[in-house]
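Q: I'd like a close look at how the helices pack in this one, with the residues that do the touching. Walk me through it contact by contact, and don't skip the buried spots along the way.

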Amino acid sequence: MAPLFVAGLLARLGVAEVGHAFEWLASTPALVLFGVATVVEMVADKVPALDHALDTISTFIRPVAGAIVAAAVLVRIEDPLIAVVVGMLVGAPVALAPHAAKASARVVSSGTTAGVANPVISTIEDVLAIVIAVLAFVVPILLVVAMLAFAILFVRWLRRRGQRAGQARA
């Protein structure tokens, strides 16, 4: 639920843009629901039996959440149906892959440490989930800034090179 909460929160703060059909992600009821679900998931994830039950349920929920987030950020696609289809093709597998890796790692961790290491691993996963969700929105902005900085440095380099060539001819 963290990606849905982060997407809605960033849209609410004006940091991220979501498609018109997905503006509900930034509504107060959605933010409260996703916020509470995120906290419940993070707390329940620390209890091995609840963690296993959550992983089982999440196998179906995470791909749907990934599809919704992917569709929501496809703001240039005006038809919500097309956005959802593209979101399903992109977001569902992207959300399911880390979930499958996490579930597999938990089986190994539970088997080798009798579940003692699971709360620590879960905390690391929680932090990574939030960081990755934020980065998914911030990296494109950082990429544009980096490209602009590179362009400015490249133009300065060309000017200096041109000045040196002019001085060498004189």
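A: Here's a tour of the helix packing, starting at the N-terminal end.

Keep in mind that this is a predicted model. Let's begin with helix α1, residues 2-12. Its buried residues are A2, L4, V6, A7, G8, L10 and A11, and between them they pack against α2, α3 and α5. Two of those partners, α2 and α5, can be followed residue by residue.

Take α2 to begin with, which covers residues 28-44. The axes of α1 and α2 come within 8 Å and cross at roughly 145°, and the crossing is left-handed. On the α1 side, the contact is made by A2, L4, F5, G8, L9 and R12, while α2 brings T28, L31, F34, G35, T38 and E41. It's a mixed bag chemically: six nonpolar residues, four polar and two charged.

Now for the other partner, α5, residues 118-169. Here the axes of α1 and α5 are 9 Å apart and the angle is about 40°, so α1 counts as oblique to α5. The handedness is right-handed this time. A2, P3, V6, A7 and L10 of α1 meet I130, A133, V134 and F137 of α5. The chemistry is easy to sum up: nine nonpolar residues, with no polar and no charged ones in the contact. A2 turns up on the list for α2 and on the list for α5.

Zoom in on A133, which lies in helix α5. At 9% relative accessibility it falls under the 20% cut-off, so A133 counts as buried. Setting aside sequence neighbours within four places, A133 is in contact with P3 and V6, and both of those belong to the α1 side of the packing. Meanwhile, A133 sits 26 Å from S110, C-alpha to C-alpha, with their positions 23 residues apart in sequence. One last detail at this end: just after α1, G14 takes a positive phi of about 80°.

Next up is the pairing of α3 (residues 48-73) with α4 (residues 80-113). Their axes come within 5 Å and cross at roughly 150°. That angle is over 145 degrees, so α3 and α4 are roughly antiparallel to each other. α3 passes α4 in a right-handed crossing. The residue list runs long: α3 puts in D51, D55, S58, T59, R62, P63, G66, A67, A70 and A71, and α4 answers with A83, V84, G87, M88, G91, A92, A95, L96, H99, K102, A103 and R106. Sorted by type, the contact holds eleven nonpolar, six polar and five charged residues.

From there, move along to S109, which lies in helix α4, and N118, which is in helix α5. S109 has a relative accessible area of 6%, so it is buried, and N118 is buried too, at 1% relative accessibility. A polar contact of 2.4 Å joins their side chains. Leaving out residues up to four places away in sequence, N118 touches D51, R106, S109 and S110. Among these, D51 and R106 also appear in the contact between α3 and α4. On the same basis, S109 is in contact with A114, G115, A117, N118 and I121.

To finish, go back to α5 for two residues that aren't tucked away. I132 lies in this helix and, at 55% relative accessibility, counts as exposed. I132 and F150 are 18 residues apart in sequence and 25 Å apart in space, C-alpha to C-alpha. A151 is found in α5 as well; with a relative accessible area of 35%, A151 is partly exposed. Between A151 and V107 there are 48 Å in space, C-alpha to C-alpha, and the two are 44 residues apart in sequence.

Notes
Residues numbered from 1 in each chain as written. Predicted model: local features only at pLDDT ≥ 70, side-chain atom pairs only at ≥ 80, totals over all residues. Heavy atoms only, no water. Axes fitted to C-alpha atoms, helices over the stretch in contact; angles between N-to-C directions. Helix = DSSP H or I, 4+ residues; strand = E, 2+ residues; numbered from the N terminus. Parallel < 35°, antiparallel > 145°, perpendicular 65-115°, else oblique. Left-handed = near helix turned anticlockwise from the far one by under 90°. Contact = heavy atoms within 4.5 Å. Nonpolar A, V, L, I, M, F, W, Y, C, P; charged D, E, K, R; others polar. Buried < 20%, exposed > 50% of the residue type's maximum accessible area, 1.4 Å probe, protein only. Polar contact = N/O pair within 3.5 Å; in protein donor to acceptor, adjacent residues only side chain to side chain.
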